[in-house]
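Here are my notes on the model you sent over. I've kept to the helix packing and the buried residues, so have the structure open as you read.

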Amino acid sequence: MERLNRRLVFFLVFVVCAGLLATAFYMEHVQGLEPCPLCWMQRFAFMAVGLVSLVAALHNPGPLGGRIYGLSLAVAAGGGLGLAGRQLWLQSLPADQVPACGPSVDYMLEVFPLGEVLAMAIRGTGDCAEVVWRFLGLSIPGWTALFFGVLVIVGLVMLVRPGQR
């Protein structure tokens with residue numbers, strides 16, 4: 001990344017996150033795939049990574065700012081990686097160990113306080129264990145884990161070697 005400037009790297013990360021979110025909304029609204037609570041949380045993590053990256057690209061920080069934005073990117077992507085890992089774990093459980101299916105996110109937001117909704121979403125439900133789509137052998141959380149892993153690496157590289165202005 002020595003040859004790429006910070007601004008370009010952060011902008012490319014923003015574009016990737018925007019593309020992934022657009023794909024998620026396409027899968028939901030066009031293909032009819034209903035996102036589970038963990039899917040929503042992973043979307044929020046992509047939004048956080050994208051927002052950090054967009055602000056960093058617009059700000060065009062110096063070396064110290066590049067490191068701070070790189071750390072923020074890595075932390076947000078690491079959180080998303082943890083969420084995707086949790087969903088992959090739920091998907092790997094035998095059928096008799098899968099938690100019960102829960103209410104929709106919309107219903108949870110109407111009935112429960114936000115803190116409780118977040119806790120329930122992170123735990124996941126039986127809906128989160130269902131594999132409804134695969135591409136090249138990976139389910140949706142498999143792909144998101146792959147992208148989050150790459151984004152963690154990009155953030156750590158920006159932290160260690162923030163590159164040229």
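1. A quick definition before anything else: helix axes at an angle over 145 degrees count as roughly antiparallel. Also bear in mind that this is a predicted model.

2. Start with the first helix pair. Helix α1 covers residues 6-29 and helix α2 covers residues 37-59; their axes come within 8 Å and cross at roughly 150°. That angle is over the 145 cut-off, so α1 and α2 are roughly antiparallel to each other. As for handedness, the α1 and α2 crossing is left-handed.

3. Who makes that contact? On the α1 side the residues are R7, F10, F11, V13, F14, C17, L20, L21, A24, F25 and E28. From α2 come W40, R43, F46, M47, V49, G50, S53, L54, A56, A57 and L58. Sorted by type, the residues in this α1 and α2 contact are 17 nonpolar, two polar and three charged.

4. Now the largest nonpolar core, which has 20 residues. The members that touch the most others are F10, V13, V49, L73 and L151. Two or more residues each come from α1, α2, α3 (63-92) and α7 (140-160). Which element gives the most to this core? That's α2, with six residues.

5. There is also a second core, separate from that one, made of seven residues. Its members include C36, M41, L83 and L90.

6. V13 is worth clicking on. It sits in helix α1, and its relative accessibility is 5%, so V13 counts as buried. Skipping neighbours within four places in sequence, V13 is in contact with V49, S53, L73, L151 and V154. Take V13 and L151: they are 138 residues apart in sequence, yet their C-alpha atoms are 7.6 Å apart in space.

7. Then try A74, over in helix α3. Is A74 buried or exposed? A74 has a relative accessible area of 9%, and the cut-off for buried is under 20%, so A74 is buried. Which residues does A74 contact, leaving aside those within four places in sequence? They are V152, G155 and L156. For a long-range pair, look at A74 and V150, which lie 76 residues apart in sequence and 9.6 Å apart in space, C-alpha to C-alpha.

8. If you only have a minute, I'd look at V13: this residue is part of the α1 contact with α2, and it is among the residues that touch the most other members of the largest nonpolar core.

Note on methods
Residues numbered from 1 in each chain as written. Predicted model: local features only at pLDDT ≥ 70, side-chain atom pairs only at ≥ 80, totals over all residues. Heavy atoms only, no water. Axes fitted to C-alpha atoms, helices over the stretch in contact; angles between N-to-C directions. Helix = DSSP H or I, 4+ residues; strand = E, 2+ residues; numbered from the N terminus. Parallel < 35°, antiparallel > 145°, perpendicular 65-115°, else oblique. Left-handed = near helix turned anticlockwise from the far one by under 90°. Contact = heavy atoms within 4.5 Å. Nonpolar A, V, L, I, M, F, W, Y, C, P; charged D, E, K, R; others polar. Core = buried A, V, L, I, M, F, W, Y, C linked by side-chain atoms within 4.5 Å. Buried < 20%, exposed > 50% of the residue type's maximum accessible area, 1.4 Å probe, protein only.
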